[in-house]
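Here's a quick tour of a two-chain model, starting with a sheet and moving on to the interface. Have the viewer open while you read.

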Amino acid sequence: MSSEWPLWEVFIRGQHGLNHRHVGSLHAPDAEMAINNARDVYVRRNEGVSIWVVRSIDIAASSPSEKGPLFEPSNAKVYRHPTFFDIPDEVGHM
Amino acid sequence: MYAQMVKTDAPRIKSRSEMDPRERAFQERIDAGQKIEPKEWMPEGYRRTLIRQISQHAHSEIVGQLPEGNWITRAPTLERKAILLAKVQDEAGHGLYLYCAAETLGVSRDALYDQLHSGKAKYSSIFNYPTLTWADIGAIGWLVDGAAIMNQVPLQRCSYGPYARAMVRICKEESFHQRQGYDILMKMVKGTTAQKAMVQDALDRWWWPSLMMFGPSDDASVHSAQSMAWKIKQNSNDELRQKFVDQTVPQAEYLGLTVPDPDLTWNEEKGGYDFGEPDWNEFFEVIAGNGPCNAERLGARRQAWDDGAWFRDGLTAHAEKATARRARSVAAE
């Protein structure tokens, strides 16, 4: 038997009020053990307040070749940034 | 270093005109300081070199637990024992971060373990020396982790994203390792004559193997040149060794110890120490598997893996049953 345990991606919320952030991955037989292992591997020094684990195969990711279609459209739309508009100084902070 | 003499498959470095367009674009990204991420195209040699280097680094962290683990049950106080346990646990963690980084390059964890257990993969020569006294635990933290830091700090800027990020986590923790080692020795040199002699003996035995950790001079090595072009490696072995000696000698003097090198002298002109050559025959023997503890270390790793098989299988069986149970209860609703 002895098949390899599945791979899990680990996300930690560093402090209350912050997003969970990807910190790395690990192998574990199930979600409960993945959280236990994440405690030992990724939070040995008070790094957070909450742990998420997700099976790596369940993550859908964009491929590097899709970079153009995904990110270029926003580059062309500079008017989405507030700095696009000149507001006279007399108007004050806006 | 933790990864010594990593081969790159390169007979020589390709010039720009010899590279195909993809290789050239890749090299330009590296030169511009961009990080390479797992799913992106990379030359096969880059991928294979990284797998070799990262896995050798990971194996070193894992095997590196053994010499220190030898003293957990014999630490002189409960506090020292707790500190050593935490340190050894960190080494396991470092190994795991690194295995995960290697896996992003398309190699499986089991394949990496198999390479270690079969003796095919290398790990750092330093872990094939025995820990005979408690002073050795101090010397390892001070010298071995000190040498590791020299190498790992520049690796945080490595071109491969997952490796560089693993290095950032590791470097944050290494400083604790070096300081706890030096703290052990500071305490011992203030102790009895016998304790001080024990510290000197540890330095005598660990000094040269620590210098060997950086590997032989690689100024003429095509593998090193290729690794540097790919920004997998940032400094030459001799550069890092020099830095290590310059940093460590004053620390030895503070402890009142004598560095076991008759050729060690301060060179005002270069602003660094001149020092003797390690015994490279010994280094090559240890790398080839003939060091004092090679068989013991590998034997311990294999036994741990084999003895843990029933437990790994048990957890897998439990996870499968729990999944099936959940599926049945959903179906019944």
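## The sheet in chain A

A quick definition before we start: two strands count as paired if DSSP finds at least two bridges between them. Keep in mind that this is a predicted model. On that rule, chain A has an open sheet of three strands, ordered β2-β1-β3, with antiparallel pairing. β2 (20-27) and β3 (50-55) of chain A sit at the edges with a single partner strand each, so one side of each has no neighbour in the sheet. From one strand to the next, the twist averages 30 degrees.

Now for the pairing of β1 (residues 7-13) with β3 in chain A: six bridges join these antiparallel strands. If you want a spot to click on, V10(A) is opposite V53(A) of β3(A).

## The helix across it

Helix α1 (residues 31-42) of chain A lies across β1, β2 and β3 of that chain. Its angle to β2(A) is about 105 degrees.

## Where the chains meet

How much area do chain B and chain A bury between them? About 1900 Å², with 52% of it on carbon and sulfur atoms. Chain B puts 24 residues into the contact and chain A puts in 22.

On the polar side, there are four salt bridges between the chains. R45(A) makes a salt bridge with E173(B), with 3.2 Å between the closest N and O atoms. Twelve residue pairs across the interface are in polar contact, both partners at pLDDT 80 or more.

On chain B, the elements giving two or more residues to the side touching chain A are α4 (78-103), α5 (109-117), α7 (161-189) and α13 (309-332). That side of chain B splits into eight nonpolar, six polar and ten charged residues.

Conventions. Residues numbered from 1 in each chain as written. Chains lettered and ligands numbered in written order. Predicted model: local features only at pLDDT ≥ 70, side-chain atom pairs only at ≥ 80, totals over all residues. Heavy atoms only, no water. Contact = heavy atoms within 4.5 Å. Buried area = accessible area lost by both parts, 1.4 Å probe. Salt bridge = Lys/Arg side-chain N within 4 Å of Asp/Glu carboxyl O. Polar contact = N/O pair within 3.5 Å; in protein donor to acceptor, adjacent residues only side chain to side chain. Helix = DSSP H or I, 4+ residues; strand = E, 2+ residues; numbered from the N terminus. Nonpolar A, V, L, I, M, F, W, Y, C, P; charged D, E, K, R; others polar. Axes fitted to C-alpha atoms, helices over the stretch in contact; angles between N-to-C directions.
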